[in-house]
Amino acid sequence: MKQFYFAIAILLVVLSCTGKQRKLTTQNEGKDTTYLLIENQSVDSLVNDSDSTEHLVKFSSKYWFWDFETKEYVGKLANPDFTGNPYVTDKEYVELINEGCKENGINFGGHYTIIEKRCGCMCEHIFIVDRKSGKIFPRITLNKDDDGDGKYGYRYWTNSKLLIANSTLLQAGDGAGKYCYTTAWGVEPELYVWTGDNFRQLKDWRVDDSYRRPSAPKKRLSFKNVAEILADDSYSTWTEVKDSTASLALRFDYDGAVLAAYSSECYLTFPCKLEENKIVVYWDVDIDTKYDFDMVKAMNRIDKKYIGKPFMVLELANDTTFKATYPLPELIQKVNSSSTEKPQRTFFPNKYVIIQQGYLY
């Protein structure tokens with residue numbers, strides 16, 4: 001019954017925002033997760049509207065996936081071991097676990113497979129298998145006060161022990177812990193850390209923070225160091241234009257993330273952080289797109305083992321140019337080779353130059 005009321009509340013939010021939404025499909029919060037993204041310009045009028053049952057609340061977390069990073073197992077994967085499992089006679093359960101391990105491989109905590117199963121409207125349960133030993137964890141408890149209810153989507157990384165439950169609530173985000181989320185009937189995102197046999201909830205994740213909103217540039221854009229770029233409010237855009245084509249356009253509108261624009265109808269969000277005057281960018285498949293472009297198809301086909309791994313490093317070659325290096329060249333080759341445009345477009349080039357007029361897309 002609680003799930004039914006929650007579904008109705010979410011529907012009311014969606015209907016109240018007609019005309020200010022884009023459809024967003026993402027592959028890193030479970031399978032086939034599709035939800036509506038509320039545009040940034042609509043957030044201010046909705047955030048913390050405590051007079052309504054359902055409203056947007058700012059979500060800014062002290063923790064993100066790299067805070068609980070763990071080494072990824074590279075040995076032979078163990079098949080699920082049903083010895084002593086109380087559900088071994090349940091054919092549907094056994095098939096779910098076996099097929100889930102085949103389809104997903106390691107996708108959580110360094111050496112675990114998370115398997116998701118729908119349990120109704122806006123409800124999913126998870127099952128976990130240790131791919132070193134084959135051990136199955138048949139009774140996963142997140143919040144003991146939930147009476148066994150499932151959650152509204154999950155977000156997790158292959159090389160991190162952090163799990164975000166109810167993650168499909170997150171909207172208008174930057175990919176690195178700063179979002180808004182739709183709250184209704186007391187449901188909100190929940191953060192958990194895997195302890196080796198169950199999850200421990202992180203109840204102190206909130207920080208008092210807000211979005212940095214861009215303002216129009218008033219002078220020629222140039223930067224002395226990378227830290228200035230990440231702290232700047234001029235929404236600088238970086239790209240390479242060559243042979244009448246352009247690479248992805250990079251922007252740093254929010255702390256801890258780089259926004260890469262394919263076009264005005266397709267945006268990618270990658271977590272990033274500053275390391276020794278370099279911007280290290282981490283792979284993710286967080287895509288906001290209107291159309292299923294060839295590049296989008298290529299990204300969705302890339303093995304999920306790359307999620308959470310550094311794939312691009314940006315450093316200043318001069319005050320208006322980034323030099324780009326790619327620690328995972330095989331990944332970049334798959335994305336770049338997906339271009340069917342003539343002349344062929346290089347999405348991830350070796351350099352990015354600042355655009356003095358603001359947004360390219």
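**Chatting through the core and a buried loop residue**

Q: Hi! Let's start inside: which residues does Phe-311 touch, leaving out those up to four places away in sequence?
A: Happy to help; this is a predicted model. Phe-311 touches Phe-270, Val-281, Tyr-282, Trp-283, Thr-325, Tyr-326, Pro-327, Leu-328, Leu-331, Ile-332 and Phe-348, with residues up to four places away in sequence not counted.

Q: Nice. And which members of the largest nonpolar core touch the most other members?
A: Phe-311 is one of them, along with Phe-270, Trp-283, Leu-314, Phe-348 and Tyr-352. That core has 57 residues.

Q: What does the second, separate core include?
A: That one has 15 residues, among them Ile-140, Tyr-154, Leu-163 and Ala-165.

Q: Switching topic: where is Thr-320 placed?
A: Thr-320 is in the loop between strand E21 (310-318) and strand E22 (321-325).

Q: Does that loop residue count as buried or exposed, and why?
A: Thr-320 counts as buried because its relative accessibility is 13%, and the cut-off for buried is under 20%.

Q: So what does Thr-320 touch, again skipping residues up to four places away in sequence?
A: Its contacts are Arg-220, Leu-221, Ser-222 and Trp-238, plus Tyr-352, Val-353, Ile-354 and Gln-356. You've met Tyr-352 already, in the largest nonpolar core.

Q: Zooming out, how many helices and strands are in the protein chain?
A: The chain has 6 helices and 23 strands.

Q: And how much of the chain counts as buried?
A: 53% of its 361 residues. The chain exposes about 17,400 Å², with carbon and sulfur atoms supplying 48% of that.

Q: Last one: what share of contacts join residues at least 24 apart?
A: 60%, among contacts between residues at least 6 apart in sequence.

Technical notes
Residues numbered from 1 in each chain as written. Predicted model: local features only at pLDDT ≥ 70, side-chain atom pairs only at ≥ 80, totals over all residues. Heavy atoms only, no water. Core = buried A, V, L, I, M, F, W, Y, C linked by side-chain atoms within 4.5 Å. Buried < 20%, exposed > 50% of the residue type's maximum accessible area, 1.4 Å probe, protein only. Contact = heavy atoms within 4.5 Å. Helix = DSSP H or I, 4+ residues; strand = E, 2+ residues; numbered from the N terminus. Areas by Shrake-Rupley, 256 points an atom, 1.4 Å probe, with all protein chains shown as cover.
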